[in-house]
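Biologist: I'd like to go through this one label by label. Show me the model, and I'll keep asking how you justify each term.

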Amino acid sequence: MKFNYKISLISGLIFFFLSINQLYAQKKMSLQECVDFALENSYSVKQKILEKESNYIQLKARKTSIAPSIGANVGQNLDLGRSTLSNNEKVDISQSTTSFSVGMNMDIFQGLRTHHQIKSDQLNLDATLFDIEDAKENIELMVTAYYLQVLLNKEMLEVMKAQVILDKEQENRIKLLVDNGKNSDAELYAAKSTLASDQLSVVEAENSVRLSLLDLAQLMNYPEIDKFDIVTEGDKSNIDAILDKNIDVNTVVDNALNNRPAILAAMTRIEQAKRDIKVSQSGWYPTLGLSAYFGTGYYYRFNEIALQPNLPFGEQFRKNAGEAIGLTLTIPIFDKLSTYYNVKQQKIRVKSQELQLEETKRALIKNIEQAYVNAVAAKEKYVASQVAHTATLVAFQYEEVKYNAGSSTNYEFNDAKNKYLKAQSNLIQSKFDFLFRIKILEFYGKA
């Protein structure tokens with residue numbers, strides 16, 4: 001009885017875990033889930049995050065560099081034959097000397113070099129944060145494009161499957177007519193040929209779906225590609241609501257120039273380059289440093305001298321102690337024009353960063369204007385495709401009635417069907433093309 005109970009328990013657990021795995025394998029990802037997964041596993045984003053962490057450490061190190069540096073030293077010397085006593089007298093004697101010292105150095109003024117370097121490092125960190133956001137936005141846009149391509153291919157596959165069902169119904173009707181002697185075998189073979197051709201189209205459409213899923217999964221760095229799929233319900237945008245949208249390209253451009261991370265990163269790097277000019281200019285200013293010192297020593301002579309006995313450690317530590325404090329002012333007079341040329345180089349870097357900003361702005365405006373023109377064209381194409389789809393559907397339905405009544409030929413029926421199939425294909429492609437163009441404009445125009 002106990003054995004049967006254990007078997008039932010183990011079987012139940014196995015069934016439970018298999019069910020969990022099956023549910024996991026059948027889980028389909030939405031667009032937002034795909035974007036989130038891609039962002040979490042993107043190597044480019046991870047690389048930017050590591051760069052940000054490195055820049056953050058550099059900033060923290062720069063801030064702590066204004067603190068004084070303190071060091072301690074302990075030295076041990078063994079003089080054989082001739083030694084220097086604590087009063088600096090040299091005698092013929094062997095002795096052991098132990099020295100202790102603590103020193104402190106601190107920069108009081110460096111022409112504000114450290115201050116400007118901290119500001120520069122902070123701007124560099126800010127620019128890296130914008131770079132991370134820019135990398136994330138690029139991945140989001142790419143995932144959206146690949147995701148829509150999968151949806152397009154899936155819809156095309158459904159159209160092809162519907163055509164195969166229609167072909168099979170037509171083949172069955174013709175076969176019945178041939179069996180009753182009302183049609184020739186030639187028409188039956190023509191129907192079989194059409195069915196085989198459309199079945200091949202289904203295979204090609206299925207392969208297109210698999211390839212587009214593979215492309216999306218690889219873009220996301222998804223580990224189990226064979227189990228990857230996306231949802232097809234709930235992610236299809238309301239095309240009619242999108243058609244009614246009135247997008248102002250000038251507003252999109254203004255929002256993009258004010259909010260896109262690539263622009264903000266370029267502007268931040270200009271400010272950093274200007275700050276680096278001040279870092280270089282600090283080389284023309286004098287520097288002031290503070291130093292402090294405390295030292296003592298212990299002397300042990302192997303052969304004691306009458307006037308210089310070996311005193312106890314504590315007494316020597318107090319008697320031999322010495323302190324010092326000092327200020328050092330360094331005035332640059334001629335550094336072989338090194339600072340002059342460094343400042344020149346930094347000013348050129350500022351101009352280079354300004355040109356980079358202008359180039360980034362022009363590229364962004366160009367992309368938005370092209371996206372807008374493409375969106376307008378895609379909208380017009382979609383509207384025209386709707387009209388063509390409706391017209392070819394009505395024509396095909398009439399032709400089907402005529403064909404079933406025997407007043408139309410198989411060639412005329414297939415011609416109407418192929419025109420309707422092409423109109424369906426054009427409608428689907430124009431719909432997703434328009435959706436993607438609108439997504440690009442929304443991406444650039446978001447605040």
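Modeller: Let's begin with a pair of helices: H4 and H11 are roughly antiparallel to each other. Keep in mind that this is a predicted model.

Biologist: What makes H4 and H11 roughly antiparallel?

Modeller: Their axes cross at roughly 165° and come within 10 Å. The label applies to angles over 145 degrees, so H4 and H11 earn it. The crossing of these two helices is right-handed. By class, their contact has 19 nonpolar, eight polar and seven charged residues.

Biologist: And why are H4 and H10 called roughly parallel?

Modeller: Helix H4 covers residues 113-179 and helix H10 covers 338-404, and their axes cross at roughly 20°. Angles under 35 degrees count as roughly parallel, and H4 and H10 therefore get that name. Their axes come within 12 Å, and H4 passes H10 in a left-handed crossing. On the H4 side the contact is made by Leu166, Gln170, Arg173 and Ile174, and on the H10 side by Phe396, Glu400, Tyr403 and Asn404.

Biologist: How do the residues of that contact of H4 with H10 divide?

Modeller: Into four nonpolar, two polar and two charged.

Biologist: Let's turn to charges. What makes Lys28 and Asp229 a salt bridge?

Modeller: In general, side chains of opposite charge can pair when their charged atoms come close. For Lys28 and Asp229 the closest N and O atoms are 3.9 Å apart, and the cut-off is within 4 Å, so the pair counts as a salt bridge. Lys28 sits in the loop between helix H1 (2-26) and helix H2 (31-41), while Asp229 sits in the loop between helix H5 (185-220) and helix H6 (239-243), 201 residues apart.

Biologist: Are Lys28 and Asp229 buried or exposed?

Modeller: Asp229 has a relative accessible area of 18%; buried means under 20%, so Asp229 is buried. Lys28 has 40%, which falls between the 20% and 50% limits, so Lys28 is partly exposed.

Biologist: Which parts of the chain does the salt bridge of Lys417 with Asp198 tie together?

Modeller: The closest N and O atoms of Lys417 and Asp198 are 3.2 Å apart, and the limit is 4 Å. Lys417 lies in helix H11 (residues 410-445) and Asp198 in helix H5, so the pair ties together parts that are 219 residues apart in sequence. Lys417 and Asp198 are both buried.

Biologist: How do you know that Arg437 and Asp433 are separated by about one helical turn?

Modeller: They are four residues apart in helix H11, and that is why. Their salt bridge has its closest N and O atoms 3.2 Å apart. Arg437 has a relative accessible area of 23% and Asp433 one of 28%. With the buried limit at under 20% and exposed at over 50%, Arg437 is partly exposed, and Asp433 is partly exposed. Elsewhere, salt bridges that share partners join Lys28, Lys154 and Asp229 into one network.

Biologist: How many salt bridges does a search of the whole structure find?

Modeller: It finds 14.

Biologist: Why is Gln424 called buried?

Modeller: Gln424, in helix H11, has a relative accessible area of 15%. The limit is under 20%, so Gln424 is buried. Leaving out residues up to four places away in sequence, Gln424 touches Val159, Gln163 and His389.

Biologist: What about the phi of Leu112?

Modeller: Most residues other than glycine have a negative phi. Leu112 is not a glycine, yet its phi is positive, about 60°. Leu112 is in the loop between strand E4 (95-109) and H4. Its relative accessibility of 45% makes Leu112 partly exposed. Asn221, also not a glycine, has a positive phi of about 60° too, and is found in the loop between H5 and H6. At 30% relative accessibility, Asn221 counts as partly exposed.

Biologist: And what does the whole protein contain by way of helices and strands?

Modeller: There are 11 helices and six strands. Of the 447 residues, 34% count as buried. Among contacts between residues at least 6 apart in sequence, 82% join residues at least 24 apart.

Definitions and conventions
Residues are numbered from 1 along each chain as its sequence is written. This is a predicted model: local features need pLDDT of at least 70, side-chain atom pairs count only at pLDDT 80 or more; totals for chains, interfaces and linings use all residues. Side-chain values use heavy atoms; hydrogens and water are left out. Axes are lines fitted to C-alpha atoms, for helices over the stretch in contact, and angles run from 0 to 180 degrees between N-to-C directions. Angles under 35 degrees count as roughly parallel, over 145 as roughly antiparallel, 65 to 115 as roughly perpendicular and the rest as oblique. A crossing is left-handed if the near helix is turned anticlockwise from the far one by less than a right angle, and right-handed if clockwise. Contact means heavy atoms within 4.5 Å. Ala, Val, Leu, Ile, Met, Phe, Trp, Tyr, Cys and Pro count as nonpolar, Asp, Glu, Lys and Arg as charged, and the others, Gly among them, as polar. A salt bridge is a side-chain nitrogen of Lys or Arg within 4 Å of a carboxyl oxygen of Asp or Glu. Buried means under 20% relative accessible area, exposed over 50%, partly exposed in between (1.4 Å probe, protein chains only).
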